[in-house]
Amino acid sequence: MDSDIFALTRGMAPLLVSFPHAGTRIPPELERRMTPAALQRADVDWHLPQLYDFARGMGASLLVARHARHVIDLNRPPEDESLYPGQDVTGLIPLDTFRKEPLYQSGEEPDAAEVRDRVARYWQPYHDALSAELARLRALHGQVVLWEAHSICSVLPRFFVGKLADLNLGTAEGGACAPAVQAAVEAQLAAQTTFAHVSNGRFKGGHITRHYGRPEQGIHALQLEMCQCTYMDETAPFAYRPDRAVHVQPLLQRMLEAAVQARPQG
């Protein structure tokens, strides 16, 4: 199922992989108001659907946003309250890049009416599709896994000191999934030594993980924030690196399989 807002591949396994920051589109009328830094799209979660293409063979559903997070951040609450109080963050409608470069030319920032319009036009359809797909999979299986796929530049002083761990698992401090699901994924991380990892560190899960993760209702949500250097070049033109991706993809697959297998039954 495709729309102008998202691409949805429906699978039959109890697994939905969501890519809210993988989109690259910026409408032409918005491009004209933006800065060169914005149009570089450095903050996109580049190539993640390609990296996770193996999930199709697992029978997973895949939901991929089409528009860049500069248009609207689909992983923020619509009321735009901070997910990390006291820490520097970007908002529902970002005004600057991760490196604090302005996204808009002077005087071209969106007003309150435009923010409301973007929520209705871009945010709501993605979340409607996400909710509907979770409901469909729950009707089939009872217990399902929602995997939030994210990536970020490995060095961003605005958000963290030094280099980020390669793989950052977030479960809202354990509240978004059953303990057995988190433990099963962590066991896969602990069984390897190639990639540094941490659970519920700087990235504990965004709005989607926190809002939809309801283990008591059969939805087990986990977010994985990856360093982009594990599978791509972190500088423009942000090329996909199959020579790097091939090393992390088997681990990603084992993590997804472990989460699905560990979910409660019934």
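Colleague: In this predicted model, how many of the 9 residues of strand β7 are buried?

Modeller: Strand β7 covers residues 219-227. Ile 219, Ala 221, Gln 223, Glu 225 and Cys 227 point one way from the strand, while His 220, Leu 222, Leu 224 and Met 226 point the other way, and all are buried. The strand is therefore largely enclosed by the rest of the structure, and the number of buried residues is 9 of the 9.

Colleague: Which residue of β7 stands opposite Glu 148?

Modeller: Glu 148 belongs to strand β4. Strand β4, residues 144-152, runs parallel to β7 and is joined to β7 by 9 bridges. On the β5 side, 4 bridges join residues 167-170 to β7 in an antiparallel arrangement, and Gly 170 has Gln 223 as its bridge partner. The residue of β7 opposite Glu 148 is likewise Gln 223.

Colleague: How far from Glu 148 is the nearest side chain of opposite charge?

Modeller: Glu 148 is in contact with residues including Ser 18, Asn 75, Thr 209 and Gln 223, neighbours within four places in sequence being left aside. Side chains of opposite charge can pair when their charged atoms come close. Glu 148 is buried yet has no salt bridge, and the nearest side chain of opposite charge, Arg 76, is at a distance of 8.7 Å.

Colleague: Within what arc do the buried residues of helix α6 fall?

Modeller: Helix α6 spans residues 179-190 and reaches 16 Å from its first C-alpha to its last, close to the 16 Å expected for its 12 residues. Its buried residues are Val 181, Gln 182, Ala 184, Val 185 and Leu 189. Seen down the helix axis, these buried residues line one face, because they fall within an arc of 160 degrees.

Colleague: Which helix do the buried residues of α6 pack against, besides strands β4, β5, β6 and β7?

Modeller: Pro 179 and Ala 190 are exposed on the other side of α6. The buried residues of α6 pack against strands β4, β5, β6 and β7, and against residues 242-262, which form helix α8.

Colleague: How many residues apart in sequence are the parts that Arg 33 and Glu 114 tie together?

Modeller: The side chains of Arg 33 and Glu 114 meet in a salt bridge with an N to O distance of 2.9 Å. Arg 33 lies in the loop between α1 and α2 and Glu 114 in helix α5, so the pair ties together parts whose separation in sequence is 81 residues.

Colleague: Which residues make up the salt-bridge network that includes Arg 118?

Modeller: Glu 114 also forms a salt bridge with Arg 118, with the closest N and O atoms 2.6 Å apart. Both residues lie in helix α5, about one turn of the helix apart. Arg 118 is buried at 3% relative accessibility. Salt bridges that share partners join one network, composed of Arg 33, Glu 108, Glu 114 and Arg 118.

Colleague: Is Arg 56, which forms a salt bridge with Asp 53, buried or partly exposed?

Modeller: The closest N and O atoms of Arg 56 and Asp 53 are 2.9 Å apart. Asp 53 has a relative accessible area of 39% and is partly exposed. With a relative accessible area of 47%, Arg 56 is partly exposed.

Colleague: What distance separates the C-alpha atoms of Pro 85 and His 220?

Modeller: Pro 85 is placed in the loop between β3 and α5 and is exposed, with a relative accessible area of 68%. His 220, in contrast, is one of the buried residues of β7. Pro 85 and His 220 are 135 residues apart along the chain, and their C-alpha atoms are separated by 24 Å.

Note on methods
Residues are numbered from 1 along each chain as its sequence is written. This is a predicted model: local features need pLDDT of at least 70, side-chain atom pairs count only at pLDDT 80 or more; totals for chains, interfaces and linings use all residues. Side-chain values use heavy atoms; hydrogens and water are left out. Buried means under 20% relative accessible area, exposed over 50%, partly exposed in between (1.4 Å probe, protein chains only). Helices (H or I, at least four residues) and strands (E, at least two) are DSSP runs, numbered from the N terminus. Two strands pair if DSSP finds at least two bridges between them. The expected span of a helix is 1.5 Å times one less than its number of residues. The arc is that of the directions from the helix axis to the C-beta atoms. Contact means heavy atoms within 4.5 Å. Lys and Arg count as positive and Asp and Glu as negative; His and the chain ends are not counted. A salt bridge is a side-chain nitrogen of Lys or Arg within 4 Å of a carboxyl oxygen of Asp or Glu.
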